[in-house]
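Biologist: I would like a close look at one part of this model, taken slowly and with the reasoning spelled out. Please start from a single residue and then follow the chain outwards to whatever helps to place it.

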Amino acid sequence: MNFYNFIYKIDEFCSYDNPWKVRKEEETSEKYGVYPDKRNVEQLIKNSIINLDKPPGPTSHEVAFWVKKMFNVNKVGHGGTLEPLAWGGVIPR
């Protein structure tokens, strides 16, 4: 099995020791994308999810707007509920 080393690093970091079941070996080409650990900061920001511990007070909409301005991205969405004490994730696009 020729697995991408990044997967093994994640397994090791997460202490995941179950064997992988590979149904079919595939080759990929970097001309169709960039491996996650080889992305530059701009690519990471534009293709990522930010887990944010929103403090009570500002709305999720306000926090999404702040993230949009901080990272200079065109679109930011949030997941979770809009309840003031709830947690959620912010997705820059």
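Modeller: What follows goes from an aspartate and its partner to a neighbouring loop, and then to a helix further along the chain.

The model is a predicted one, and the residue I would start from is D11, which is placed in helix 1, the run of residues 5-13. D11 is buried and yet has no salt bridge, for the nearest side chain of opposite charge, that of K9, is 13 Å away. What the side chain of D11 does have is a polar contact with the side chain of W20, at 2.6 Å. If residues up to four places away in sequence are set aside, D11 touches Y16 and W20, so that W20 appears both as a neighbour in contact and as a polar partner.

W20 itself is found in the loop between helix 1 and helix 2, and with a relative accessibility of 37% W20 counts as partly exposed, whereas D11, its partner in the polar contact, is buried.

That loop also holds S15, since the stretch between helix 1 and helix 2 (41-46) is where S15 lies. Although S15 is not a glycine, its phi is positive, at about 55°. This deserves a remark, because most residues other than glycine have a negative phi. S15 counts as exposed because its relative accessibility is 61%, and the cut-off for that word is over 50%.

A positive phi is also found further along the chain, just after helix 3, where N72 takes a value of about 55°. N72 is likewise a residue other than glycine, and its place is in the loop between helix 3 and strand 2 (76-80). With a relative accessible area of 66%, N72 is exposed.

Helix 3, which N72 follows, covers residues 60-71, and its 12 residues reach 16 Å from the first C-alpha to the last, close to the 16 Å expected at 1.5 Å a residue. Within helix 3 the residues S60, V63, A64 and V67 are buried. Seen down the axis of helix 3, the buried residues fall within an arc of 100°, and therefore they line one face of the helix. The face turned away from that buried side carries H61 and K69, which are exposed.

To return to the starting point, D11 is a buried residue without a salt bridge, and its side chain makes a polar contact with that of W20.

How values were computed
Residues are numbered from 1 along each chain as its sequence is written. This is a predicted model: local features need pLDDT of at least 70, side-chain atom pairs count only at pLDDT 80 or more; totals for chains, interfaces and linings use all residues. Side-chain values use heavy atoms; hydrogens and water are left out. Helices (H or I, at least four residues) and strands (E, at least two) are DSSP runs, numbered from the N terminus. Buried means under 20% relative accessible area, exposed over 50%, partly exposed in between (1.4 Å probe, protein chains only). Lys and Arg count as positive and Asp and Glu as negative; His and the chain ends are not counted. A salt bridge is a side-chain nitrogen of Lys or Arg within 4 Å of a carboxyl oxygen of Asp or Glu. A polar contact is a pair of N or O atoms within 3.5 Å; within protein, one must be able to donate a hydrogen and the other to accept it, and residues adjacent in sequence count only if both atoms are side-chain atoms. Contact means heavy atoms within 4.5 Å. The expected span of a helix is 1.5 Å times one less than its number of residues. The arc is that of the directions from the helix axis to the C-beta atoms.
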